[in-house]
Structure formats: C-alpha cells, structure tokens
Amino acid sequence: MIEENIGLVPHYLPTVSCFQALYRAEEIYWIVDGTYEKQSYRNRAYVLMADGLYPLIIPIRHVGRKQLYKETKIDYSVPWMRRHLRTMATAYGQSPYYGALAEVLVPIFQQQPTFLCDLNIALLNGCFHFLQMKKTVKLVAGDKLLTCLDTFDARGLWHPKKASLLSTPLPDYQRLFPCNHPEKLSILDLLAMQGPYAHNLLGK
C-alpha cells in the first residue's frame, strides 16, 4: 500500500490499481523525460464492454528513432478521439455517473493537446477534479526522483503485459458486465459506476 509520495509516468486514464496508488499518495511527481515506451499504458486504456475488455489506443507520431515521452506527439490525422468518446459512451452510457464524468473529460479531449503526456496529465487532473481531490502535483526529472524525500518510485509497476507488483486488492464494486481481467480496467469504469462514492473504495 502506497501512503507516501509517488513518482510515476502519466498513463492514459490509468488502471484502477494505479489510480488507487495516486489517490493514497500525499504528493505526485510526474516523470516525462524518459524514453517513450511502446505498447504501454502511456497511450492505451481498457474499458469494459458487453463482450469483455476493449482497448482504447491513442496513435502517436513516430519519428523513426527513440523519442522522449515529453516530445511524443499525438497523431490527430487518425479519427481516434471520436472513436474513443463513442466507445466510452457505449460502454458507460447506462452507468449512474458517466454523464457527469463526461462533462469533465470530454472538453479536455476537445482541446486536442499536441503532446501525449499533456493530454494524460490533463485527463488525470480532470479525474481528480471529478472526485474533488486536492493533490500536490509536480513535474520532476527521472534522475532527480531519488532526491524527493519519502517518494516511492512506481514507474515500473503497471504494464499491460505484466502483473502489477503491488499486492493491494482491487476495489470490489458492481460493474455493468463481467470482467475476467479487472486489473487492466481503466479508472473510467470505477468513476462511471461509483461517482463520488469511489472515495470509499479508493481509500481502503
């Protein structure tokens, strides 16, 4: 269980487990100066549809070489944003709180930030706002994280192809559909289903 400061690369609408760690942390340090990692949670999230988990993947503009996360640009020539918003509405339109959540998150998408890390941080801030969470959030270089006192380095904990190293059990709540891999499920699911009552589950 993480109840100190946390250092993490910003994910795209992260998993419930990842968001739970952010919720419990006193301060959050975003690290965006490292190399962009393909097929990670940096540009993908999983929502729950009637037939199981469905991936939402943000296309990026590749530059033909290793690129820094903070310099990774979103490819808006592909109509991904419309597909993502439509899929979210299909998945959660019948949930109790999706309408209120969409009012917060949809305008962030519509601003079309140039860089992937900026979109991810803005959406995370939107989730914090939706839950009325007040967090101290700072950008920090990865090599400076060790100088941040009482800070847990969580950069390698969550990956779509790996099980999280955290032993904290996932919150138990009613979902619209059965889910075989809840550890991959985006925080969207919990917020759409529980709204402000998510506090009761994230703090356990």
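A disulfide is defined here as a pair of cysteine sulfur atoms within 2.5 Å. Under this rule, the predicted model contains 0 disulfides. Two of the cysteines illustrate the result. The sulfur of Cys117 has its closest cysteine sulfur in Cys18, 16 Å away, which is too far for a bond. For Cys127 the closest cysteine sulfur is again that of Cys18, and the separation of 11 Å is likewise too far for a bond. Both residues are buried: the relative accessible area is 4% for Cys117 and 1% for Cys127.

Cys127 also leads to the helix packing, since it is one of the helix 4 residues that touch helix 3. Helix 3 spans residues 98-110 and helix 4 residues 116-130; their axes lie 10 Å apart at an angle of about 160°. Because this angle is over 145 degrees, the two helices are roughly antiparallel. Their crossing is right-handed. Helix 3 contributes Ala100, Leu101, Val104, Leu105, Ile108 and Phe109 to the contact, while helix 4 supplies Leu119, Ala122, Leu123, Gly126, Cys127, His129 and Phe130. By class, these residues comprise 11 nonpolar, 2 polar and no charged.

Helix 3 packs against helix 5 (residues 187-194) as well, with axes that come within 7 Å and cross at roughly 125°. That angle makes helix 3 oblique to helix 5. Here Tyr98, Leu101 and Leu105 of helix 3 meet Leu188, Leu191 and Ala192 of helix 5. The contact consists of 6 nonpolar residues, with no polar and no charged ones. Leu101 and Leu105 thus take part in the contacts of helix 3 with both helix 4 and helix 5.

Definitions and conventions. Residues numbered from 1 in each chain as written. Predicted model: local features only at pLDDT ≥ 70, side-chain atom pairs only at ≥ 80, totals over all residues. Heavy atoms only, no water. Axes fitted to C-alpha atoms, helices over the stretch in contact; angles between N-to-C directions. Parallel < 35°, antiparallel > 145°, perpendicular 65-115°, else oblique. Left-handed = near helix turned anticlockwise from the far one by under 90°. Contact = heavy atoms within 4.5 Å. Nonpolar A, V, L, I, M, F, W, Y, C, P; charged D, E, K, R; others polar. Buried < 20%, exposed > 50% of the residue type's maximum accessible area, 1.4 Å probe, protein only.
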